[in-house]
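Reader: I would like a close look at a single part of this model, the pairing at one end of its sheet, set in the context of the whole fold.

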Amino acid sequence: MDLEFKVINLERDFDSCVAARKDAYLCSFGHYEGFDDFLTGYRERIAERLLLQEWSYVHVWNGKNIAGQLEFRTFSSEPRTGYIHLIYLKPEYRGLGLAQQLQDHIFSVLLKASCNRAILSVSRSNQRALNFYQRNGWKYCRPNPKHAETDYYESVLLVE
């Protein structure tokens, strides 16, 4: 499948952003409790960050259809380390091997920004995501102190 990665058009596609985040939240935690808190200010955060080179908000397109969404940045609290906030595929695009293309896109952007690692936080109950990350060499780092249900994982992009 030939996917295209395009910067999110906030005016046209904000509802798709919310739908992706809502489904991702359910996949991660099995419920929507707390989702409304996350959603507060979401549009404004995206609008502000779209103006900054270090942030990426991307819709993944399959032809004329949005197949997924990526949210990541080329910095974190750790040196030369990008932080991935969201890797999302709509249900009808899951299980087709496309997640690898999404990860490859993120890694390409991070490498161009001189990152040599990526870090993300994943829910312990999101087995599908955990399986993908473990199959692709992501390593457990530590629990996420900001969210009791999630852990940090990292991937090395370059061997130093």
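How many bridges join E1 to E2, and do these strands run parallel or antiparallel?

Author: Four bridges join E1 to E2, and the two strands run antiparallel; pairing here requires that DSSP finds at least two bridges between two strands. The elements themselves are DSSP runs numbered from the N terminus, helices being H or I with at least four residues and strands being E with at least two. One bridge position can be named, since Phe-5 stands opposite Val-60 in E2.

Before going further, two points about the basis of this account. The model is predicted, and local features therein need a pLDDT of at least 70, side-chain atom pairs count only at pLDDT 80 or more, and totals for chains, interfaces and linings use all residues. Residues are numbered from 1 along each chain as its sequence is written, and side-chain values use heavy atoms, with hydrogens and water left out.

The pair belongs to an open sheet of seven strands, ordered E1-E2-E3-E4-E5-E7-E6, in which the pairing is mixed. Its edge strands, each pairing on one side only, are E1 (4-7) and E6 (139-143). Neighbouring strands are turned against each other by 30 degrees on average, direction ignored, where axes are lines fitted to C-alpha atoms (for helices over the stretch in contact) and angles run from 0 to 180 degrees between N-to-C directions.

On its other side E2 continues into the sheet through E3, with which it pairs in the antiparallel sense over eight bridges; within that pairing, the bridge partner of Val-58 is Leu-70 in E3. E2 and E3 form a hairpin with two residues between them, and Gly-63 in the turn has a positive phi of about 65 degrees. E2 is also mostly covered, with seven of its eight residues buried, buried being under 20% relative accessible area, exposed over 50% and partly exposed in between (1.4 Å probe, protein chains only).

From E3 (residues 65-73) the sheet goes on to E4 (residues 81-89), the two pairing in the antiparallel sense over six bridges, and Gly-68 has Leu-89 of E4 as its bridge partner. Helix H4 (residues 99-112) packs on this sheet, touching E1, E2 (55-62), E3, E4, E5 (117-123) and E7 (150-156), and its direction makes about 155 degrees with that of E4; contact means heavy atoms within 4.5 Å. The loop between E3 and E4 holds Arg-80, whose phi, near 50 degrees, is a positive value in a residue other than glycine, and Arg-80 is partly exposed, with a relative accessible area of 43%. A comparable description applies to Ser-114, found in the loop between H4 and E5: its phi is near 70 degrees, again positive in a residue other than glycine, and its relative accessible area of 45% makes Ser-114 partly exposed.

Helix H1 (residues 10-29) also bears on the region you asked about, through Asp-13, which lies within this helix. Asp-13 is buried, with a relative accessible area of 8%, and, not counting residues up to four places away in sequence, Asp-13 touches His-59, Trp-61 and Ile-66.

Elsewhere, helix H5 (residues 127-135) has Ala-129, Leu-130, Phe-132 and Tyr-133 buried. Seen down the axis of H5, these buried residues fall within an arc of 160 degrees, so they line one face of the helix, the arc being that of the directions from the helix axis to the C-beta atoms. They pack against E4, H4, E5 and E7, whereas the face of H5 turned away from the buried side carries the exposed residues Arg-128 and Arg-135. Gly-137 follows H5 and has a positive phi, near 85 degrees; from Asp-13 to Gly-137 the separation is 124 residues in sequence and 33 Å in space, C-alpha to C-alpha.

To place all this in the whole, the protein has five helices and seven strands, running β-α-α-α-β-β-β-α-β-α-β-β from the N terminus on. Its radius of gyration, 15 Å, is close to the 15 Å that the globule rule gives for 160 residues, so the protein is as compact as a globular protein of that length; the radius is taken over C-alpha atoms, and the rule is 2.2 Å times the number of residues to the power 0.38. Of the 160 residues, 44% count as buried, and among contacts between residues at least 6 apart in sequence, 60% join residues at least 24 apart.
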